Amino acid sequence: MGIRVFLLLLLFFCTSYPTFSLHEDQVGLMDWHQQYIGKVKHAVFHTQKAARKRVIVSTEENVVASLDLRHGEIFWRHVLGPNDVIDQIDIALGKYVITLSSGGSVVRAWNLPDGQMVWESTLLGSKSSRPLLLIPKILKVDKDDVIFVYGNGFIYAVASIDGEVIWKKELASEGIDVQQLILPEGSDTIYAVGLLGSSRFDVYQLDVKSGELLKHNSMFFPAGFSGDLSFVSEGMAMAVDFTETVLVSVLFRDGQISFHKTHVSQLIPGFSGPAVTLPSKIPGTFILKTGSSVHFIKVINEGKLIVVGQVGHTDAVSDALSLPEDQQGFALVQQGDGKIFLTVKLGDDWTTNLIDDTVQMDHQRGLVHKVFLNTYVRTDRSNGFRVLIVMEDHSLLLLQQGEIVWSREDGLASIIDVKASELPVEKDGVSVAKVEHNLFEWLKGHLLKLKGTLMIATPDDVVAIQKIRLQSSEKSKMTRDRNGFRKLLIVLTRSGKVFALHTGDGRIVWSLLLKSLRKSETCENPRGVSLHQWQDPHHHALDENPSVLVVGRCGQGLDSAGVFSIVDTYTGKESYHVGPTHSIAHVIPLPFTDSREQRLHLLLDANRQGHLYPRTAEALGIFQHDLGNVYWYSAETDNGVLRGHGVQKNCVLEVADDYCFGTRDLWSIVFPSESEKIAATATTSSNEVVHTQAKVTADQEVMYKYISKNLLFLATVSPKAVGPIGSVTPDESSLVVYVIDTVTGRILHRMTHHGSQGPVNAVFSENWIVYHYFNLRAHRYEMSVIEIYDQARAENKDVLKLVFGAHNLTSPITAYSRPEVFTKSQSYFFTHSLKTIAVTLTAKGITSKQILLGTIGDQVLALDKRFLDPRRTVNPTQAEKEEGIIPLTDSIPIIPQSYVTHALKVEALRGIVTVPAKLESTTLVFAYGVDLFFTRLAPSRTYDSLTEDFSYALLLLTIVGLIVAIFVTWVWSEKKDLQDKWR
């Protein structure tokens with residue numbers, strides 16, 4: 001009897017544990033997803049009483065979105081293609097959002113409440129021109145409400161209901177630059193106004209119903225115009241002459257054109273030039289910038305000018321807003337001492353301020369770049385104002401009644417580079433009991449988990465379990481964990497701002513708008529370039545904080561002046577910065593560190609001179625000791641040349657610089673320009689760890705991987721195949737891939753794919769390369785794999801040689817000795833087009849690899865490397881099956897469960913970064929584009945740890961139950977033995 005009870009209890013506890021599968025309460029425990037829109041460049045408010053208050057915006061990331069005015073949340077959004085730049089937006093009929101994009105070539109209508117696209121029209125033309133959009137308040141042509149578009153040299157009348165083009169008229173046949181479309185209220189004539197060259201002013205008058213050209217007037221201005229026109233009314237424009245010292249009033253009414261000149265010095269005492277008109281939409285007023293000041297000039301009495309106000313050049317002005325009683329108002333934002341001074345003025349009365357608010361502003365947001373004004377009716381029937389502000393760091397804020405209602409960090413939609421950093425070590429005395437609170441809470445939590453395990457939890461219990469897990473997971477703590485899951489992601493954005501994101505929940509730990517990457521007189525057009533690990537303290541240097549090197553340029557070209565800063569990753573403070581200084585064409589992180597564990601970097605300028613940092617005597621000594629072992633390569637894509645470089649003696653300069661070194665060319669490969677053009681390159685990750693060089697096959701043979709950090713994968717395509725897919729025939733296109741040693745320039749492997757073209761996406765890991773391209777003959781995408789093995793070590797297959805040391809595995813390896821390598825390769829069809837590709841990295845390199853594919857659908861797919869094993873055969877042997885080789889198929893299967901992002905999208909996906917955790921089975925994955933996504937992956941499952949939802953309470957009950965069962969059976973056994981002895 002006792003044995004039966006024991007077996008039943010054992011069977012119950014053993015079978016009850018595997019049934020635990022509460023997927024709902026695991027959401028958000030290991031991953032997070034954040035949505036952004038980018039830097040706003042256009043905004044239109046929609047605040048009708050019957051509808052939800054919202055603002056429609058378009059951004060520099062080609063996003064059109066509807067935001068909630070109460071909280072700043074996204075109602076809906078659409079991310080257009082990278083080449084489909086949004087030119088203008090507006091609202092038609094109170095229910096359609098109209099977008100004009102691709103230089104005036106594409107106009108779309110979106111449903112205002114839900115963002116569904118209603119129609120799309122493509123406006124074809126032969127000449128590029130300034131895109132313009134005009135939506136009349138009330139205008140019908142053949143019972144259709146009409147919108148007017150100017151693009152590609154044509155003016156179009158488009159029906160706002162279905163997007164049908166009612167009529168079109170070419171205007172740019174003579175090369176005119178149309179700058180404004182004007183439709184006077186109640187008129188049947190639309191005016192197109194612009195300049196031909198820099199000296200002729202043109203006005204076209206067209207019939208709004210038929211597009212017929214009614215009149216064309218033009219007039220030459222001998223002195224010539226400088227810059228764009230500024231329109232102050234329906235019949236007047238302002239401009240600056242070619243000398244930039246004279247203002248020109250242009251009147252164009254009733255078919256007559258006249259010019260009136262006014263010297264700027266007559267309006268602004270002490271003016272010395274130059275003068276520039278700024279874009280504005282304030283009726284009767286235009287804005288003139290002179291030096292460091294901005295002047296508001298009002299136009300009265302047919303060209304008479306009066307200066308009504310003056311502000312600093314850093315201030316921002318909104319467009320005019322219609323107010324009751326036919327008045328116009330505009331917002332003026334000024335900054336100083338960490339505050340924003342917001343003023344709303346009347347367009348015809350500069351002295352009257354409708355509101356005058358002061359708002360505290362974080363100085364890390366920088367200057368105000370754009371202002372959008374909106375009005376609302378207060379409860380007392382007076383007019384209130386809300387202001388949407390775009391800051392220098394691309395963040396978006398809504399101000400109302402002197403307060404920041406909400407803010408969005410949309411600078412994170414334009415990440416340039418990412419680096420991971422460790423968190424501080426947990427201090428002594430910090431107990432895990434602080435997380436668990438007390439014993440009662442601990443028991444309560446595990447009892448709830450036990451109810452979930454036994455599938456008897458109520459919905460309230462499931463919610464409680466979720467809450468307890470989020471609290472006790474410790475994922476948001478600001479200290480390191482033993483598994484290495486908690487880290488900081490240091491990201492550099494296009495605005496020059498650096499953010500630190502916590503991997504636990506994606507929150508912003510700190511942010512820093514770098515001074516070196518802000519616009520200044522010495523750096524007119526700063527831009528961030530890359531991030532590099534500067535200091536990563538270990539052991540004896542733990543008193544130092546880790547830091548990153550932020551590199552930037554003061555222009556687009558490689559010869560632009562360079563700037564760089566060193567930022568503490570714990571505090572977010574800039575500890576050191578340089579610039580503008582020598583140009584920075586390339587940054588080489590060297591494999592050397594000093595006593596403070598600062599990594600040495602060689603910064604190459606446009607003159608091919610190397611500058612060593614940090615500039616210390618210790619760093620100089622370390623670098624000079626290994627001077628002859630520093631090599632790098634450069635790929636000149638336009639010229640089709642690959643070069644290898646080395647370091648030589650110090651630079652020859654007028655002023656001696658011990659930290660400047662000359663470079664020399666070691667080798668070069670010139671690809672024939674008529675048949676090959678460089679399409680892609682790939683190298684191994686500098687922090688990748690290879691566990692073993694040996695690979696044991698199914699027949700017990702050993703193949704040795706050819707491992708070298710100096711290998712480069714390079715792909716070239718035919719010059720005709722550089723364009724989009726299908727732009728060339730298969731016979732005219734080919735893809736050639738190379739594996740090159742960058743120390744000697746020796747080509748280790750070359751292979752040609754005939755009838756194939758790019759784009760090529762490749763990843764290089766250990767001894768293998770996987771690359772993706774398009775096969776024109778098969779009309780399908782393909783993925784190929786190349787594995788490189790060391791033939792020189794092939795004789796070390798005998799186990800006895802390995803045991804007795806009769807092998808050459810410990811002999812030194814040099815890149816100058818001719819390597820004996822052999823390769824294995826295979827190609828497979830693949831379903832998706834790719835945007836990017838990456839590979840998982842782990843701490844020791846033991847765990848199997850997964851290839852992370854960023855698909856054209858903006859999702860991340862994890863593909864097991866075994867699917868891309870070149871040794872796959874149609875009928876693998878039993879030994880090969882035991883090794884894990886999958887039977888050969890012509891295409892790679894897509895398993896829905898392999899999508900790392902699940903049902904989510906990382907809109908406009910640009911990159912995937914993988915970071916090894918301390919736990920060997922796990923790697924951290926961060927994908928970024930307009931959105932951000934983070935998760936943890938275990939390619940070979942978590943074989944080295946218990947899962948976070950492991951039920952310790954159930955384990956304890958099982959042990960207690962077994963002990964009780966053993967004790968009960970022992971008592972019963974003793975009684976039975978005693979009874980047997982009495983018989």
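Which residues of the largest nonpolar core touch the most other members? In this predicted model, that core holds 36 residues, and the ones that touch the most other members are Val57, Leu388, Leu501, Phe926 and Leu932. Leu932 shows how such a position is surrounded: once its neighbours within four places in sequence are left aside, Leu932 is in contact with Trp32, His33, Gln34, Tyr36, Leu412, Ile415, Leu501, Phe926 and Ala927. Two of these partners, Leu501 and Phe926, are themselves named among the residues that touch the most other members of the core. Apart from this core lies another one, made of 21 residues, among them Leu323, Val371, Leu373 and Leu397.

From the cores we can turn to helix 6, which spans residues 617-625 and in which Ala619, Leu620 and Phe623 are buried. Viewed down the axis of helix 6, the buried residues fall within an arc of 100°, so they line one face of the helix. On the other side of helix 6, Ala617 and His625 are exposed. The buried residues of this helix pack against several strands, namely strand 44 (586-593), strand 45 (599-604), strand 46 (610-613), strand 48 (641-650) and strand 49 (660-670). The loop between strand 46 and helix 6 contains Pro614, and the peptide bond that joins Tyr613 and Pro614 is cis, with omega at about 0°.

Further along the chain, four strands form an open sheet in the order 50-53-54-55, with antiparallel pairing. Its edge strands are strand 50 (677-682) and strand 55 (747-754), each of which pairs on one side only. Neighbouring strands of this sheet are turned against each other by 20° on average, when direction is ignored. Within the sheet, strand 53 (residues 711-717) and strand 54 (residues 734-741) pair in the antiparallel sense over seven bridges, and the bridge partner of Leu712 in strand 54 is Ile740. Strands of a sheet pair, in general, through backbone hydrogen bonds, in either a parallel or an antiparallel sense.

Is His749, a residue of strand 55, buried or exposed? His749 has a relative accessible area of 13% and counts as buried because this value falls under the 20% limit. Leaving aside neighbours within four places in sequence, His749 is in contact with Val737, Tyr738, Val739, Ile786 and Thr823, and with Thr823 its side chain also makes a polar contact of 3.4 Å to the side chain of that residue.

The last part of this walk concerns backbone geometry. Most residues other than glycine have a negative phi, and most peptide bonds are trans. Besides the cis bond already described between Tyr613 and Pro614, the peptide bond from Gly758 to Pro759 is cis, with omega near 5°, and Pro759 is found in strand 56 (residues 756-765). Positive phi values in residues other than glycine are found at Ser102, where phi is near 55°, and at His394, where phi is about 75°. Ser102 lies in the loop between strand 7 (96-101) and strand 8 (106-111), while His394 has its place in the loop between strand 33 (383-391) and strand 34 (396-400). As for their surroundings, Ser102 is partly exposed, with a relative accessible area of 25%, whereas His394 is buried, with a relative accessible area of 8%.

Key
Residues are numbered from 1 along each chain as its sequence is written. This is a predicted model: local features need pLDDT of at least 70, side-chain atom pairs count only at pLDDT 80 or more; totals for chains, interfaces and linings use all residues. Side-chain values use heavy atoms; hydrogens and water are left out. A nonpolar core is a set of buried Ala, Val, Leu, Ile, Met, Phe, Trp, Tyr and Cys residues joined through side-chain atoms within 4.5 Å. Buried means under 20% relative accessible area, exposed over 50%, partly exposed in between (1.4 Å probe, protein chains only). Contact means heavy atoms within 4.5 Å. Two strands pair if DSSP finds at least two bridges between them. Helices (H or I, at least four residues) and strands (E, at least two) are DSSP runs, numbered from the N terminus. Axes are lines fitted to C-alpha atoms, for helices over the stretch in contact, and angles run from 0 to 180 degrees between N-to-C directions. The arc is that of the directions from the helix axis to the C-beta atoms. A polar contact is a pair of N or O atoms within 3.5 Å; within protein, one must be able to donate a hydrogen and the other to accept it, and residues adjacent in sequence count only if both atoms are side-chain atoms.
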